[in-house]
Amino acid sequence: MGFAAHIVVYAGLLIGIAYGGIALLSGFCLMSSLRGWWVEGDGRLVRSYALALGVAIAATQLLAGGGAVDLGKSIYLLPSFSAPVMFFGGLLFGYGMVMANGCGSRALVLLGRGNLRSFVVVIVLGISAQMTLKGLIAPARIAVVQWSQITPGATSLPALLSTFGLNETFARMLGASVTSGALIVFAFAHAAFRRAWGQIAAGLAVGLLVAAGWFATGYLGADDFNPVPVTSLTFIAPIADTLQYVMLSTGLTLNFGIATVAGVFAGSLLTALATRRFHWEGYHSPRHMLRSAGGAALMGAGGAMAYGCSVGQGLTGLSTLSLASFVAVAGILLGTAAGLRGRLRVRPLIAAQDVPSSSVRASSPM
């Protein structure tokens with residue numbers, strides 16, 4: 001690896017460590033946010049996520065507008081994309097996220113805290129993603145993408161606004177300020193969130209970490225002779241790459257994504273040990289394990305088709321204001337809604353040890 005590539009790897013590790021610690025302390029997670037908002041009536045976590053997205057959009061667009069990062073080199077602003085495949089992938093990911101009780105990044109965070117259920121989720125997600133990206137499912141995915149892909153005249157919201165006669169700079173400023181401003185207003189319009197200083201800090205920090213990822217890969221990693229992919233926080237392909245690197249490290253090289261995955265686990269583990277939150281957890285029934293593994297498989301396949309997860313598309317992709325990311329996130333939200341509410345709702349499993357002893361005695365024969 002060249003000097004720039006080494007810097008990018010170290011930056012990815014540090015960003016991952018920071019994200020792992022923040023996510024463990026704050027509970028930052030899209031699925032938990034939506035469950036709290038839609039099911040439990042607690043909107044603080046979803047406001048934290050909205051604040052993170054608003055900050056990520058504003059900071060990322062400032063970097064792009066200043067010429068520090070060429071977002072056009074990222075996977076989110078490709079000239080052609082398949083809206084049906086990305087939307088369907090988002091659906092699978094969102095529903096799988098509910099089944100597995102968290103996304104890939106949340107699984108890494110919980111694994112660092114000693115949650116062995118998350119170990120199964122990470123492994124199955126990585127295998128499923130690799131199968132969809134490069135393995136048995138890949139030919140079918142590629143065929144459907146080629147059949148259904150479109151080449152729109154604009155790939156991002158600023159580019160779309162430019163078609164109405166606005167110059168590029170003003171279009172970027174308008175698109176970023178409206179979307180970012182609306183998200184930040186939504187976050188702080190909630191009185192309980194305004195009092196939740198920890199959630200406010202988490203939202204600000206995660207948004208800035210997304211921008212830091214773009215800066216690390218797009219500016220610090222800029223090397224005409226040995227360029228690195230321009231990207232930021234995302235977890236589907238990086239988890240798959242990490243599993244492959246663990247098995248075949250002699251034939252592969254470290255990259256930003258692998259370093260980030262390792263950093264998230266390390267950051268969560270160090271934080272859990274420092275705050276005495278580390279404790280072992282496991283499955284309470286075979287059915288629980290099957291549901292969790294099934295959700296992980298859906299997340300891996302769906303995230304691969306959608307080009308990202310609740311972080312990779314929900315934060316990093318949307319920070320580019322990519323139209324394709326809006327499609328993928330719409331699928332993720334709809335899939336999550338289906339898993340949390342309605343006829344397809346994923347019903348909670350109750351462990352035998354969670355049933356009160358009095359109830360057990362009452363139901364036992366005399």
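Student: Which residues does Gln-61 touch, not counting residues up to four places away in sequence?

Tutor: Keep in mind that this is a predicted model. In it, Gln-61 touches Leu-71, Pro-158, Arg-172, Ala-176, Ser-319, Thr-320 and Leu-321. Gln-61 itself sits in helix α3, which covers residues 44–65.

Student: Why is Gln-61 called buried?

Tutor: Look at the number: its relative accessible area is 4%. The cut-off for buried is under 20%, so Gln-61 is buried.

Student: And Arg-291, what makes that one buried?

Tutor: The test is again under 20%. Arg-291 has 19% relative accessibility, so it counts as buried. Arg-291 belongs to helix α14, residues 286–306. Leaving aside neighbours within four places in sequence, its contacts are Met-99, Val-346, Arg-347, Pro-348 and Leu-349.

Student: Why is Ile-127 called partly exposed?

Tutor: Exposed needs over 50% and buried needs under 20%, with partly exposed in between. Ile-127 comes out at 46%, so partly exposed is the label. You'll find Ile-127 in helix α6, residues 116–133.

Student: Which residues make a nonpolar surface patch with Ile-127?

Tutor: Met-131, Leu-136 and Ile-137 join Ile-127 there, and the patch is about 390 Å². Patch residues need over 30% relative accessible area, and Ile-127 has 46%.

Student: How do you know that Cys-29 has no disulfide to Cys-103?

Tutor: Check the sulfurs. The closest cysteine sulfur to that of Cys-29 is in Cys-103, 4.5 Å away. A disulfide needs the pair within 2.5 Å, so 4.5 Å is too far for a bond. From the other side, Cys-103 is in no disulfide either, with the sulfur of Cys-29 as its nearest. The structure holds zero disulfides.

Student: Are those two cysteines buried or exposed?

Tutor: Cys-29 is buried, at 2% relative accessible area. Cys-103 also counts as buried, at 2% relative accessibility. Set those against the cut-off of under 20%.

Student: Which residues touch the most other members of the largest nonpolar core?

Tutor: Tyr-19, Phe-235 and Leu-315, out of 73 residues in that core. Its largest share, 10 residues, comes from α3. In soluble globular proteins, nonpolar side chains tend to be buried together.

Student: What does Leu-315 touch, not counting residues up to four places away in sequence?

Tutor: Leu-315 touches Phe-28, Tyr-49, Ala-52, Leu-53, Val-206, Val-210 and Ser-310. Contact here takes heavy atoms within 4.5 Å.

Note on methods
Residues numbered from 1 in each chain as written. Predicted model: local features only at pLDDT ≥ 70, side-chain atom pairs only at ≥ 80, totals over all residues. Heavy atoms only, no water. Helix = DSSP H or I, 4+ residues; strand = E, 2+ residues; numbered from the N terminus. Buried < 20%, exposed > 50% of the residue type's maximum accessible area, 1.4 Å probe, protein only. Patch = residues over 30% accessible without salt bridge, like charges linked within 9 Å, V, L, I, M, F, W, Y side chains within 5 Å. Areas by Shrake-Rupley, 256 points an atom, 1.4 Å probe, with all protein chains shown as cover. Salt bridge = Lys/Arg side-chain N within 4 Å of Asp/Glu carboxyl O. Core = buried A, V, L, I, M, F, W, Y, C linked by side-chain atoms within 4.5 Å.
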